[in-house]
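Work through the following exercises with the sequence and the model side by side, and try each task before reading its solution.

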Amino acid sequence: MAGKPNIDKARTSTSSGPKDKAFRSARAKWRDRFITLLWAVLLAFIVRSFLFQPLKVPSQSMQPNILAGDVIVASKYAYGYGEKSAAPLSLPIKDKRWLGRTPRRGDVMVFSLSGAETIYAKRIIGLPGDRVEMGGGQLTLNGAPAGLEPQSEIHSVSDAGNPDRVEIWRETLPNGVSYLIYDSQKNSPSDILQAMTVPPGHYFVLGDHRDASKDSRLPRDNGGMGFVSQGELLGRAEFILLSAQKEFYWARPSTWSKMRTDRIFKDIP
């Protein structure tokens with residue numbers, strides 16, 4: 001009776017050892033983390049370029065509605081997309097807008113002047129074709145005086161550190177948009193503006209602190225901003241994200257009391 005042949009079969013193990021499994025697991029984790037990071041960077045880039053942009057305000061030109069030290073959030077899609085809207089990208093369209101929308105009188109517009117990197121926030125007063133003038137500090141738009149009601153008087157500190165006596169007024173545009181303004185100098189040169197017509201494709205802007213703002217009342221070659229073109233628009237200021245006095249530092253807990261908590265997520269009138 002023939003017995004079964006005694007054959008040793010070589011067995012090659014296809015399973016990996018513990019060290020190989022650990023290496024593969026760690027490599028998969030790092031790959032997943034890297035992909036997640038890439039998606040996060042891409043999402044942040046899209047949001048920053050096309051949707052929202054935070055901006056820290058350094059000056060007092062928009063007091064009392066926006067203070068120095070406020071971090072405002074601008075919606076970049078509000079007026080469509082122009083040459084500078086999608087920064088850090090540069091769109092190949094000059095003085096035109098994709099998906100353009102007409103700004104509303106009274107909006108706080110965020111923009112950057114041609115040939116400059118500085119970003120400004122000012123209030124839109126005049127649209128293309130509007131006739132704008134001022135006398136004694138009162139604004140007139142297309143022959144209709146803006147409402148001007150006294151509110152109160154305060155003492156504040158200017159950008160230069162000097163004390164200012166400031167009168168607070170409520171200004172109401174003919175379209176019903178209403179907001180507070182500051183007036184620190186009676187019958188100053190900035191209270192008078194000869195009638196001018198806003199050219200096509202441009203906007204007339206003012207700061208809410210009328211005696212501390214360089215805006216459309218003066219041409220650019222005379223220290224002002226002149227008319228702002230639609231290609232220079234970046235977006236519309238929507239709300240205040242954070243706010244702090246200049247003595248505030250994240251790395252110094254002793255300065256955290258300088259954070260203006262009452263202004264967090266505050267709407268901009």
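**Exercise 1. Place Asp130 in the fold and describe its surroundings.**

Asp130 is found in the loop between strand S4 (119-126) and strand S5 (131-135), where strands are DSSP runs of E with at least two residues, and helices are runs of H or I with at least four residues, each numbered from the N terminus. The model is a predicted one, in which local features need pLDDT of at least 70 and side-chain atom pairs count only at pLDDT 80 or more, while totals for chains, interfaces and linings use all residues. Residues are numbered from 1 along each chain as its sequence is written, and side-chain values use heavy atoms, with hydrogens and water left out.

Next, consider accessibility: Asp130 has a relative accessible area of 5% and counts as buried (buried is under 20%, exposed over 50%, partly exposed in between, with a 1.4 Å probe and protein chains only). Beyond its neighbours within four places in sequence, the contacts of Asp130 include Ile125, Leu141, Met196 and Val198 (contact means heavy atoms within 4.5 Å). Arg105 also belongs to this set of contacts, and its side chain makes a polar contact of 2.8 Å with the side chain of Asp130 (a pair of N or O atoms within 3.5 Å, one able to donate a hydrogen and the other to accept it within protein, residues adjacent in sequence counting only if both atoms are side-chain atoms).

**Exercise 2. Which residue meets Asp70 in a salt bridge, and are the two partners buried or exposed?**

The partner is Arg263, at 2.7 Å from N to O (a salt bridge is a side-chain nitrogen of Lys or Arg within 4 Å of a carboxyl oxygen of Asp or Glu). The pair links distant parts of the chain, with Asp70 in strand S2 (residues 70-75) and Arg263 in the loop between strand S14 (233-243) and strand S15 (266-267), 193 residues apart. Asp70 is buried, at 0% relative accessible area, and Arg263 is buried as well, at 5%.

**Exercise 3. Analyse the salt bridge between Arg165 and Glu153.**

The closest N and O atoms of this pair are 3.1 Å apart. Because Arg165 lies in strand S9 (residues 163-172) and Glu153 in strand S8 (residues 147-157), the bridge ties together parts that are 12 residues apart in sequence. Arg165 is partly exposed at 36% relative accessibility, and Glu153 is partly exposed at 45%.
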